[in-house]
Amino acid sequence: MHWLRDTLYAEDASTTRTRSGPRIMATLRNLAIGAIRLAGRHDITEATRWASRDMHRPFTILQLTT
């Protein structure tokens with residue numbers, strides 16, 4: 001999981017280094033990866049790019065749209 005977070009989200013280059021910030025960001029990245037996998041997408045990189053192109057697409061992945 002760390003390899004995926006580091007290569008896709010450049011986690012090791014993150015400037016968040018104080019208090020609970022790094023742990024929270026890792027949790028949010030894990031949540032994003034898990035949601036993409038639960039949606040049935042196998043290519044996490046492509047699904048992340050797809051979701052980032054439109055503000056409403058992450059809500060579609062999480063099934064929070066009507």
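What follows is a friendly exchange about how the labels on this predicted model are earned.

Me: What makes up the secondary structure of the protein chain?
Reply: There are four helices and zero strands, and from the N terminus on the elements run α-α-α-α. The C-alpha trace spans about 40 × 20 × 20 Å along its principal axes.

Me: How do you know what share of the chain counts as buried?
Reply: A residue is called buried when its relative accessible area is under 20%. Of the 66 residues of the protein chain, 23% count as buried.

Me: Why is the contact of R53 and E46 called a salt bridge?
Reply: The rule asks for a side-chain nitrogen of Lys or Arg within 4 Å of a carboxyl oxygen of Asp or Glu. The side chains of R53 and E46 meet at 4.0 Å, N to O, so the pair is a salt bridge under that rule. By this rule the count comes to one salt bridge.

Me: Is R53 buried or exposed, and what is E46 called?
Reply: R53 has 56% relative accessibility; the cut-off for exposed is over 50%, so R53 counts as exposed. E46 has a relative accessible area of 32%, which lies between 20% and 50%, so E46 is called partly exposed.

Me: What makes I24, M25, L28 and L31 a nonpolar patch on the surface?
Reply: Membership needs over 30% relative accessible area and no salt bridge, with nonpolar side chains joined within 5 Å. Take M25, which lies in helix α2: its relative accessible area is 31%, so M25 passes the 30% cut-off while being called partly exposed. Together I24, M25, L28 and L31 have about 360 Å² of accessible area.

Me: Which label does P22 get, and why?
Reply: P22 is in helix α2. Its relative accessibility is 35%, and the partly exposed class runs between the buried limit of 20% and the exposed limit of 50%, so P22 counts as partly exposed. The C-alpha atoms of P22 and Q63 are separated by 27 Å, with these positions 41 residues apart along the chain.

Me: How do you know where empty space is left in a model like this?
Reply: A probe the size of a water molecule is rolled over the atoms, and that shows the empty space. Here the largest pocket holds about 200 Å³ of space.

Me: Which elements give two or more residues to the lining of the largest pocket?
Reply: They are α2 (21-38), α3 (44-52) and α4 (57-61). Helix α2 gives the most, with five residues.

Me: How many residues of each class are in the lining of the largest pocket?
Reply: The lining has 10 nonpolar, two polar and no charged residues. Among the lining residues are Y9, A35, T48, S52 and P58. Tyr, Ala and Pro count as nonpolar, so Y9, A35 and P58 go into that class. Thr and Ser are not on the nonpolar or charged lists, so T48 and S52 are polar.

Me: What makes the phi of R19 and of Q63 worth a look?
Reply: Most residues other than glycine have a negative phi. R19 is not a glycine, yet its phi is positive, about 50°. Q63 is not a glycine either, and its phi is about 55°.

Me: Where do R19 and Q63 lie, and why are they called exposed?
Reply: R19 is in the loop between α1 (2-9) and α2, and Q63 is in the segment after α4. Exposed means over 50%; R19 has a relative accessible area of 85%, so R19 is exposed. Q63 has 69%, so Q63 is exposed too.

Technical notes: Residues are numbered from 1 along each chain as its sequence is written. This is a predicted model: local features need pLDDT of at least 70, side-chain atom pairs count only at pLDDT 80 or more; totals for chains, interfaces and linings use all residues. Side-chain values use heavy atoms; hydrogens and water are left out. On a 1 Å grid over the protein atoms alone, a cavity is a set of points where a 1.4 Å probe fits but cannot get out, and a pocket is an open set with protein on both sides within 12 Å along at least five of seven lines; lining residues have an atom within 4 Å of a point. Grid points are joined across faces, edges and corners, and a volume is the space filled by probe spheres set on the points. Patches are made of residues with over 30% relative accessible area and no salt bridge: like charges are joined within 9 Å, nonpolar side chains (Val, Leu, Ile, Met, Phe, Trp, Tyr) within 5 Å. Accessible areas come from the Shrake-Rupley method with a 1.4 Å probe; for residues, only the protein chains shown count as cover. Buried means under 20% relative accessible area, exposed over 50%, partly exposed in between (1.4 Å probe, protein chains only).
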